[in-house]
Amino acid sequence: MAVLRPILFLLALLTAFTARAGNLEVPLPGGEKIAVETYPATGDTRILWLPSDHGIAPRQRPTAEALAGMGFEVWMPDIHLALLLSPGRGSLKEVPDSLGQALIEAAAADGRRVVLMASGRTAPLALGAARAWQLDHPGEAGLLGAVLLHPNLYAETPQGGAEARYLPIASATNLPIYIFQPTLSASSWHLERLTELLERGGSNVTTQMLEEVSDGYNQRPDFTPVEEAMTRRLPGQVSQALWMLESYARPRVAAPLPERGALAQADAPRSRLLKPYAGEGATPPLVLKDLEDGEHALDALGGQVVLVNFWATWCPPCVKEIPSLQRLYARLRDRGFQVLAVDVGETAETVRTFAAPFEVTFPMLIDPDGVALKDWEVHGFPTSFVVDRAGHIRFAFFGALEWDDPEVVAQIESLLAE
């Protein structure tokens, strides 16, 4: 009877699917059903491609079709529709691992090997579902691994100067993992740390940097010609990644969680005001060259209030706040206020050409190797710090601000008055 039970379960699961051309309905543990777009292929590997916070993107479908043409069947579940969720930032952060596990069960029901594919904030769901499946299938080899595009495994949005906290699942994963990481992303500077955490649980991690593209390059409706070309290359890159995952594949037992219970992914509350600095210790050093090769040191600005702004030309929120930064600087510079805009990872020529139309008069500095970014614990762009006259960081903020908003100006003026 014990031998028959799993066989009967698989038969019931397979017959429960409502099959149509390119679509399935997969039953969930609570009795609901989830619609799955399918791209059939005859190979023995099935890719379960979980959606992003913003749902299934039209630009994903050609990639799925191309992968199917290479022999890899692709399933794309519509989790938002199944759970009646509105697509948007953070919309999938509380989806239970059991839902993902049910999808893995269905994808593996006919004996095919399953590879999970996820991006950004869906990566925790993929890894949590994989671990839940492992707990119910100890030592089985049906799950080949995971392909992650710019994974976000932070427990919360990292604020400037605070050490990043990662979800427990980051170090409780032992499946082979292949990461595609765009270089136009603050996360690219911290990929080594994420890799260390994943390997701590027993994962074999392979990383591939994607030059001159940003996070979501293959899904966003707005994209550059380089991102369009990179999207066309993605099926071939995924095919190579699957070959790498297969070389590490073996039956694995779920890794233990480093903390008891689960920690949900959370966003920092949105605000238009600077936040009190949450970091500890002395103000990090900052000695960088400007666009004309002149050197600037934060220590040399003692007695002034200094706004240190980390940014990049490819970051839309960074660009949006440049005019208000200039207006703030023009308003307060004669009262002992300075702005140091630190571009990360780009050349002086790139920044000089980009910034020319903005007629910026505050110093623009270059951090080509991300040294200052790491010293200042910057995990996203733009991130800003306000240093008081005594050289202590008093405020920090991740995200774009209207810097000449009266309330923001009042916060800075409070430091100028000290």
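How many helices and strands are there in the chain? I counted 11 helices and 16 strands. I note at the outset that this is a predicted model.

**Entry: overall form**

I looked up the extent of the chain next. Its C-alpha atoms fill a box of roughly 85 × 45 × 40 Å, taken along the principal axes. I then checked the radius of gyration, which is 24 Å. A compact globule of 418 residues would have a value near 22 Å, so the chain agrees with that rule.

I turned to burial. Of the 418 residues, 54% count as buried. I also looked at contacts in the chain with a separation of 6 or more. Residues 24 or more positions apart account for 76% of them.

**Entry: nonpolar cores**

Which residues touch the most other members of the largest nonpolar core? I found Phe 310, Phe 337, Trp 376 and Phe 381. That core holds 53 residues. Apart from it lies another core, of 48 residues. Leu 28, Leu 92, Ala 123 and Leu 167 are among the members of this other core.

I went back to Phe 337 and listed what it touches, leaving out residues up to four places away in sequence. The list begins with Gln 304, Val 305 and Leu 307. Leu 328, Tyr 329 and Leu 332 are on it too. Ile 412 and Leu 416 complete it.

**Entry: the largest pocket**

I searched for pockets. The largest has a volume of about 1,500 Å³. I found 48 residues lining this pocket. Which of them are the closest to its centre? They are Arg 89, His 150, Asp 215, Gly 216 and Arg 220.

I asked which elements give two or more residues to this lining. They are strand E8 (205-214), helix H7 (225-248) and helix H8 (316-332). I sorted the lining of the largest pocket by class as well: 18 residues are nonpolar, 19 polar and 11 charged.

**Entry: cavities**

How many cavities of 30 Å³ or more does a search of the whole structure find? I got two.

The largest cavity holds about 80 Å³ of space. Pro 151, Leu 153, Tyr 154 and Tyr 166 are among the residues that line it. Its lining also includes Gln 181, Ser 187, His 190, Leu 191 and Leu 194. By class, I noted six nonpolar, three polar and no charged residues there.

The second largest cavity holds about 30 Å³. Asn 309, Trp 311, Cys 318 and Ile 322 are among its lining residues, and so are Leu 325, Ala 341, Phe 362 and Met 364. Strand E12 (305-311) and H8 are the elements that give two or more residues to this lining. Which of them gives the largest share? I found that H8 does, with three residues. The classes here are seven nonpolar, one polar and no charged. I noted that H8 also gives two or more residues to the lining of the largest pocket.

**Entry: Gln 159**

Where is Gln 159 found? I placed it in the loop between strand E6 (143-149) and strand E7 (177-184). Is Gln 159 buried or exposed? Its relative accessibility is 17%, so Gln 159 counts as buried. The cut-off for buried is under 20%.

I then checked Gln 159 against His 379. The two are 220 residues apart along the chain. Their C-alpha atoms are separated by 7.5 Å.

Key:
Residues are numbered from 1 along each chain as its sequence is written. This is a predicted model: local features need pLDDT of at least 70, side-chain atom pairs count only at pLDDT 80 or more; totals for chains, interfaces and linings use all residues. Side-chain values use heavy atoms; hydrogens and water are left out. A nonpolar core is a set of buried Ala, Val, Leu, Ile, Met, Phe, Trp, Tyr and Cys residues joined through side-chain atoms within 4.5 Å. Buried means under 20% relative accessible area, exposed over 50%, partly exposed in between (1.4 Å probe, protein chains only). Contact means heavy atoms within 4.5 Å. On a 1 Å grid over the protein atoms alone, a cavity is a set of points where a 1.4 Å probe fits but cannot get out, and a pocket is an open set with protein on both sides within 12 Å along at least five of seven lines; lining residues have an atom within 4 Å of a point. Grid points are joined across faces, edges and corners, and a volume is the space filled by probe spheres set on the points. Helices (H or I, at least four residues) and strands (E, at least two) are DSSP runs, numbered from the N terminus. Ala, Val, Leu, Ile, Met, Phe, Trp, Tyr, Cys and Pro count as nonpolar, Asp, Glu, Lys and Arg as charged, and the others, Gly among them, as polar. The radius of gyration is taken over C-alpha atoms; the globule rule is 2.2 Å times the number of residues to the power 0.38.
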